[in-house]
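Student: Hi! I have just opened this one and could use some company while I look around. Could you walk me through it?

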Amino acid sequence: MGGSEHASYGLAALTVAGGTMGFVKAKSKGSLVGGLVLGSAFVASGMLIRKGYHSEGHGLALASSLALTGIMGRRALKPKASMIHKGLVGFGAVSAVYQGVKVSEWSKWGVEE
């Protein structure tokens, strides 16, 4: 897999795995649904990037990364937060920075090919 869609596909795997673990450990249907929804958004962003819709794909990944960071950030602040929550906050934040840079590169104000 070449190109910059790899970050989106990686976050898709992490969010689906995290949501599944939340469901298995705590029977949290919200974690399962949230993981699947955000994971699907990351997959869609990767597909858009792969098809050449870079600005749109990175924009969707940026929005998904910010949502992941915000949602998991609230949970990570709780005293009994798991390492999964804290890890997803970190991955989401790093992804948001990366995707933000890519959006600026591919936007009409950035470098166009």
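Tutor: Happy to; we can go through salt bridges, one residue at the start of the chain, and the nonpolar core. Keep in mind that this is a predicted model.

Student: Okay, how many salt bridges does the structure hold?

Tutor: There are two. One joins the side chains of Glu5 and Arg50, at 3.7 Å from N to O. The other is between Glu105 and Lys102, with 3.1 Å between the closest N and O atoms.

Student: Let's take Glu5 and Arg50. What does that pair tie together?

Tutor: Glu5 sits in the segment before H1 and Arg50 in helix H2, so the bridge links parts of the chain that are 45 residues apart in sequence.

Student: And Glu5, is that buried or exposed?

Tutor: Buried, with a relative accessible area of 3%. Its partner Arg50 is exposed, at 52%.

Student: Why does 52% count as exposed for Arg50?

Tutor: Because the cut-off for exposed is over 50% relative accessible area, and Arg50 has 52%.

Student: Which residues does Glu5 contact, leaving aside its neighbours within four places in sequence?

Tutor: Gly46, Ile49 and Arg50. So Arg50 turns up here as a contact as well as in the salt bridge.

Student: How far is Glu5 from Ala44 in space?

Tutor: Their C-alpha atoms are 10.0 Å apart, while in sequence the two residues are separated by 39 places.

Student: Now the other bridge. Where are Glu105 and Lys102?

Tutor: Both are in helix H4, which covers residues 83–106. They are three residues apart there, which means about one helical turn separates them.

Student: Are those two buried or exposed?

Tutor: Glu105 is partly exposed, with a relative accessible area of 33%. Lys102 counts as buried, at 17% relative accessibility.

Student: New topic! Which residues make up the largest nonpolar core?

Tutor: Seven of them: Leu11, Ala12, Leu38, Phe42, Leu68, Met72 and Leu88.

Student: Which elements give two or more residues to this core?

Tutor: H1, helix H2 (29–50) and helix H3 (54–76).

Student: Let me pick Leu68. What does Leu68 touch, not counting residues up to four places away in sequence?

Tutor: Leu68 touches Leu11, Thr15, Leu38, Phe42, Gly73, Leu88 and Gly92. Among them, Leu11, Leu38, Phe42 and Leu88 are also listed in the core.

Student: Great, I'll go and find those on the screen. Thanks!

How values were computed:
Residues numbered from 1 in each chain as written. Predicted model: local features only at pLDDT ≥ 70, side-chain atom pairs only at ≥ 80, totals over all residues. Heavy atoms only, no water. Contact = heavy atoms within 4.5 Å. Core = buried A, V, L, I, M, F, W, Y, C linked by side-chain atoms within 4.5 Å. Buried < 20%, exposed > 50% of the residue type's maximum accessible area, 1.4 Å probe, protein only. Helix = DSSP H or I, 4+ residues; strand = E, 2+ residues; numbered from the N terminus. Salt bridge = Lys/Arg side-chain N within 4 Å of Asp/Glu carboxyl O.
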